[in-house]
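Me: Please walk me through this chain. Short answers will do, with cut-offs stated.

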Amino acid sequence: MSPRELDLLQGTLDVLVLRALSWGPMHGYAVARFIRDGSDGSFKVLDGALYTALHRLEARGWAESEWGASDKGKRAKFYRLTTAGRRAFRNETRNWNDYVAAVARVMAVVPSTG
C-alpha cells in the first residue's frame, strides 16, 4: 500500500457507493473508479468489498440492477439508486457530515493542563 492510500472506515463504503450512484447508473468497475478518482487515489476499493456493498444496498431496497453492455461492449451489471436509495443517500450524507463535524470538534480540543 502506498503512503497515499487510506483504509476505508467501516460503514464508509456504503455512503461512497451511494454517492457514485447518485450520478446515474454505473457498473461495479465504474463505481470503484469513481471512488478511486474522487479520492485522488487514496481509496482503492477491492472487488469483494464493493460487490458486498452493492448487494447490501440492493437488499435494503436502495439500489437495483440490470444487465447491459459496458462502454467496451462487454456484458456488465449496472446498478442505480431507487427512490428509497435517493432518500437514503440524503440521510446518509447528513449523518456523514455530522460525523465529520463531531470528529473535527474532538480533534480541535486542546486539553487544559491541570
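**Exposure, fold and core**

Me: Is R80 buried, exposed or partly exposed?
Reply: The relative accessible area of R80 is 40%. Buried means under 20%, exposed over 50%, and partly exposed lies in between (1.4 Å probe, protein chains only). R80 is therefore partly exposed.

Me: What kind of model is this, and how are residues numbered?
Reply: Residues are numbered from 1 along each chain as its sequence is written, and side-chain values use heavy atoms, leaving out hydrogens and water. The model is predicted: local features need pLDDT of at least 70, side-chain atom pairs count only at pLDDT 80 or more, and totals for chains, interfaces and linings use all residues.

Me: Where does R80 sit, and which residues does R80 contact beyond its neighbours within four places in sequence?
Reply: R80 has its place in strand 3. Strands are DSSP E runs of at least two residues, helices are H or I runs of at least four, and both are numbered from the N terminus. Contact means heavy atoms within 4.5 Å. With neighbours within four places set aside, R80 touches P25, W62, A63 and E64.

Me: How far is the C-alpha atom of R80 from that of S65?
Reply: R80 and S65 are 15 residues apart along the chain. Their C-alpha atoms are separated by 6.3 Å.

Me: In what pattern do the helices and strands of the protein chain follow each other?
Reply: The protein chain has four helices and three strands. Read along the sequence, the pattern is α-β-α-α-β-β-α.

Me: Why is the protein chain described as more spread out than a compact globule?
Reply: The globule rule is 2.2 Å times the number of residues to the power 0.38, and the radius of gyration is taken over C-alpha atoms. For 114 residues the rule gives 13 Å. The chain is more spread out because its radius of gyration is well over that, at 17 Å.

Me: Which element gives the largest share of the largest nonpolar core?
Reply: Such a core is a set of buried Ala, Val, Leu, Ile, Met, Phe, Trp, Tyr and Cys residues joined through side-chain atoms within 4.5 Å. This one has 22 residues, and V17, L21, V31, I35 and L50 touch the most other members. Elements giving two or more residues include helix 2 (28–38) and helix 4 (83–108). The largest share, five residues, comes from helix 1.

Me: Which residues does L21 contact beyond its neighbours within four places in sequence?
Reply: L21 is one of the core residues that touch the most other members. Leaving aside those sequence neighbours, L21 contacts M26, V31, L54, A63, Y79 and L81.
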